[in-house]
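Here is an informal walk through one protein model, with an eye on its strands and its charged side chains. Have a look at the sequence and the structure first.

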Amino acid sequence: MKKLLIVLLMAATSATVAQVSHSGSWIEKSYEVEGKWEIVKNGEVNILRFDKDFDTKKAPDLKIFLSKLSYDDVTKKNATSGTEKIAELKEYEGAQQFTIPAGIKLSDYKTLLIHCEQYGVLWSVAKLN
């Protein structure tokens with residue numbers, strides 16, 4: 001019993017604890033997006049999470065990007081210029097998560113975007129704090 005307890009304690013202390021590195025809410029550009037988001041660092045992996053209250057209008061080809069442009073500078077015309085694509089939006093509502101590609105240095109980016117590539121519409125923006 002003591003050996004099992006020691007093994008469990010060692011496993012618990014060596015486990016990586018996920019830490020929130022960024023969080024916020026969405027700021028409407030063309031369409032409202034409800035709910036909060038956060039970026040969690042778990043070991044070497046960054047994960048973008050949308051909470052259960054996430055909700056936006058349905059549209060084709062919605063994608064999530066990191067942008068080096070500030071909220072004030074990002075527009076419909078330059079929305080995907082110099083960005084890093086995170087993923088395609090999975091659902092239009094509810095909790096979901098996306099693994100941020102390895103090698104992306106979050107400190108290089110100022111905003112998180114939801115953008116409709118098919119129609120070139122900047123949906124919504126979030127400031128990376």
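Where does Asp 61 lie? Asp 61 sits in the loop between β6 (55-56) and β7 (62-67). Keep in mind that this is a predicted model. The backbone at Asp 61 has a phi near 65 degrees, which is a positive value in a residue other than glycine. With a relative accessible area of 28%, Asp 61 is partly exposed. We'll come back to Asp 61 when we get to the charges.

**The five-stranded sheet**

Right after that loop comes β7, which belongs to an open sheet of five strands. The order runs β2-β11-β10-β7-β8, and the pairing is antiparallel. At the edges are β2 (27-28) and β8 (84-88); each has a single partner strand, so one side of each has no neighbour in the sheet.

Now look at β10 (residues 111-116), which pairs with β11 (residues 121-127) over six bridges in the antiparallel sense. β7 and β10 also pair antiparallel, again over six bridges. You can follow the register at Cys 116: Val 121 in β11 stands opposite Cys 116, and so does Leu 62. Another pair to click on is Ile 114 and Ser 124 of β11, which stand opposite each other.

Is β10 enclosed or open to the outside? Six of its six residues are buried, so β10 is largely enclosed by the rest of the structure. In a regular strand, side chains alternate between the two faces of the sheet. In β10, Thr 111, Leu 113 and His 115 point one way, while Leu 112, Ile 114 and Cys 116 point the other way, and all of them are buried.

β10 and β11 make a hairpin with four residues between them. In the turn, Gly 120 has a positive phi of about 65 degrees.

**The four-stranded sheet**

There is also an open sheet of four strands, in the order β1-β4-β5-β9, with antiparallel pairing. Its edge strands are β1 (19-25) and β9 (96-99), each pairing on one side only. From one strand to the next, the twist averages 20 degrees. β1 pairs with β4 (residues 36-42) in the antiparallel sense over six bridges, and within that pairing Ser 23 has Glu 38 in β4 as its bridge partner.

**Charged pairs**

How many salt bridges does a search of the whole structure find? It finds four. Three of them, with their N to O distances, are in the table.

| Acidic residue | Basic residue | N to O distance |
|---|---|---|
| Glu 38 | Arg 49 | 3.5 Å |
| Asp 53 | Lys 52 | 3.5 Å |
| Glu 117 | Lys 63 | 2.6 Å |

Glu 38 turns up again here: its salt bridge runs from β4 to Arg 49 in β5 (residues 45-50), eleven residues apart. Glu 38 is partly exposed at 24% relative accessibility, and Arg 49 is partly exposed at 31%.

In the second pair, Lys 52 is exposed, with a relative accessible area of 65%, whereas Asp 53 is partly exposed at 43%.

Why does the salt bridge of Glu 117 and Lys 63 tie together parts that are 54 residues apart in sequence? Glu 117 lies in the loop between β10 and β11 and Lys 63 lies in β7, so their pairing spans that stretch of chain. Lys 63 is buried, at 10% relative accessible area, while Glu 117 is partly exposed at 33%.

That brings us back to Asp 61, which is linked with Lys 63 and Glu 117 in a network of salt bridges.

Methods
Residues numbered from 1 in each chain as written. Predicted model: local features only at pLDDT ≥ 70, side-chain atom pairs only at ≥ 80, totals over all residues. Heavy atoms only, no water. Helix = DSSP H or I, 4+ residues; strand = E, 2+ residues; numbered from the N terminus. Buried < 20%, exposed > 50% of the residue type's maximum accessible area, 1.4 Å probe, protein only. Pairing = 2+ DSSP bridges. Axes fitted to C-alpha atoms, helices over the stretch in contact; angles between N-to-C directions. Salt bridge = Lys/Arg side-chain N within 4 Å of Asp/Glu carboxyl O.
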